[in-house]
Amino acid sequence: GMKLIIDTDPGVDDAFAIALAALSEDVRLLGVTTVFGNVPLENTTANALRVLQLCGRPDVPVAAGAARPLVHPQLARAGHVHGADGLSGRSASLPAPQREPEPGGAVRLLVSLLEAADEPVTIAPIGPLTNIALLLAAHPHVKPKIGRIVLMGGGVARGNSTATAEFNIWSDPEAARRVLVDEDVPCVMVPLDLTHRCAVSTAWLNELAQSPIGAALTALTPDYLASYRRSLGWDGIVLHDAVAVAEAINPGILRTEPYPIEVDCTFGPGRGTTLVDRRLPGMRGEGDGAVAPKTVQVAVDTDVAGLGEFVLG
Ligand code: BDR
Ligand code: CA
C-alpha cells in the first residue's frame, strides 16, 4: 500500500486522523512526528503515542519535533477548543503507550524514513509546519522521496485564529511560507472552508462509537463538541485533520484546483493568512517574462456524505 508519515499536534481531530490512517489497510503508516500546537509538545507527543496504542499500532515509531515556532516566540494555543491536555481532559482514558519516542527527534526520523523509502512517501502535516520546514531546509536531498505533502491548514475566505488566519498557519507563518511557497515539493492544502463543510453530527459520532476504538475516540470529544456547538450553531464537530488524511490515503477523494499562494508573514493584522491567488488567467502578470509561481493544489470540494462514510470505515 501507499506509504504515509503524519506530522501532528493531537488535538481531538488529529486523534481521529491518526486512527484513520493507523487502521487503514491501504496504507503503510511509516511514522508519526509531533509538533507544538493545540497544546505543548510534551502533551502532543504523549497523545500521539496513546492514540497509536489504542489502535493496536505500537509498531509505529513516534518522534517529537519542534516545541515552538521558527521565528516568533509567541505561541498560539487551542486548549480552549481541545481541552487542557489536548483531548478534552480525557487523554488518561487511552491505553498507556508501550513505546518511547525515538531519541533522535522528528527531523531525524523523517530523514531516515524517507532515505529508506523505495517509493514516494506522502507526508500529511496536520499541525504547525515547523518540522516540515526544518526538514526541507536542512535535508533537501530527501525531497525527491516525497510524493505529496497533503496538509490541513489555511483558508481561502475565512480564518479561525484571527479573522483571516487559520490556526496551523498562524502558529508558524514563516514555516508555512517555506513549505507552501518556497519549496518545490508538490503540496495539497486542505483549508478551513472545506473542512467546515465536512462537519459531522453527534449522530455520526454515535455510529462511530459502535466499535470499541470508535467509542474511545468519541469519548475524547466533550470539550471539542462544546466549542464547536458554539461556532457551528448545532451539535457537531469539525474533524479538520481527518479530511486531510482522507485525501492523503485516498488521493482524489477531495477535488482540488491549482493556485499560487502567499503566506502573510508580516506582524500586522493579516499575519498567518494564506493568500490564495484566484485571479483569472492572464491577470497574474503572466507573459511579462515572469517566472510562473509555484501552485498549490487547494482542496475546494468533495462528496461530503461519501467522505463521512469513508472516515466511518
Ligand atoms: C487546525 O487547528 C487545530 O486546532 C486542529 O487540530 C486543526 O489541525 C484547524 O484550524
Ligand atoms: Ca491538528
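Which helices each supply at least two residues of the shell around ligand 1? Keep the question in mind while opening the structure, which is a predicted model.

**Ligand 1**

Select ligand 1 and the residues around it. The helices that each supply at least two residues of its shell are α1, α6 (167–171) and α12. Of the 15 residues around the ligand, G11, D13, A78, F167 and H240 come nearest. By class, the shell divides into 5 nonpolar, 6 polar and 4 charged residues.

**Helices α1 and α12**

Next, select residues 12–23, which form α1, and residues 240–249, which form α12. Their axes come within 7 Å and cross at roughly 20°. An angle under 35 degrees counts as roughly parallel, so α1 is roughly parallel to α12. The crossing of this pair is right-handed.

To see the contact, show the side chains on both helices. On α1, pick D13, D14, F16, A17, L20 and A21; on α12, the residues they meet are H240, D241, A242, A244, V245, A246 and I249. This contact has 9 nonpolar, 1 polar and 3 charged residues. D13 and H240 take part in this contact, and both are also among the residues that come nearest to ligand 1.

**Helices α1 and α2**

Keep α1 on display and add α2, residues 41–54. Here the axes are 10 Å apart and the packing angle is about 40°. The two helices are therefore oblique to each other. The crossing of α1 and α2 is right-handed.

From α1, the residues to pick are A15, I18, A19 and A22, which meet N47, A48, V51 and L52 in α2. By class, the contact has 7 nonpolar residues, 1 polar residue and no charged ones.

**The sheet**

Now hide the helices and show the strands. An open sheet of 9 strands runs in the order β3-β2-β1-β4-β5-β6-β11-β9-β10, and its pairing is mixed. At the edges stand β3 (62–64) and β10 (274–276); each has a single partner strand, so one side of each is left without a neighbour in the sheet. From one strand to the next, the twist averages 30°.

Zoom in on β5 (residues 146–152) and β6 (residues 187–190), which pair in the parallel sense over 4 bridges. In this pair, M152 stands opposite V190 in β6.

**Helix α4 over the sheet**

Last, bring back α4, residues 106–116. This helix lies across β1 (2–8), β2 (27–34), β3, β4 (121–125) and β5. Sight along β2 for the direction: α4 runs at about 155° to that strand.

Note on methods: Residues are numbered from 1 along each chain as its sequence is written. Chains are lettered from A and ligands numbered from 1 in the order in which they are written. This is a predicted model: local features need pLDDT of at least 70, side-chain atom pairs count only at pLDDT 80 or more; totals for chains, interfaces and linings use all residues. Axes are lines fitted to C-alpha atoms, for helices over the stretch in contact, and angles run from 0 to 180 degrees between N-to-C directions. Angles under 35 degrees count as roughly parallel, over 145 as roughly antiparallel, 65 to 115 as roughly perpendicular and the rest as oblique. A crossing is left-handed if the near helix is turned anticlockwise from the far one by less than a right angle, and right-handed if clockwise. Two residues are in contact if their C-beta atoms, placed from the backbone, lie within 7 Å. Ala, Val, Leu, Ile, Met, Phe, Trp, Tyr, Cys and Pro count as nonpolar, Asp, Glu, Lys and Arg as charged, and the others, Gly among them, as polar. A residue is near a molecule or strand if its C-beta atom, placed from the backbone, lies within 6 Å of it. Two strands pair if DSSP finds at least two bridges between them.
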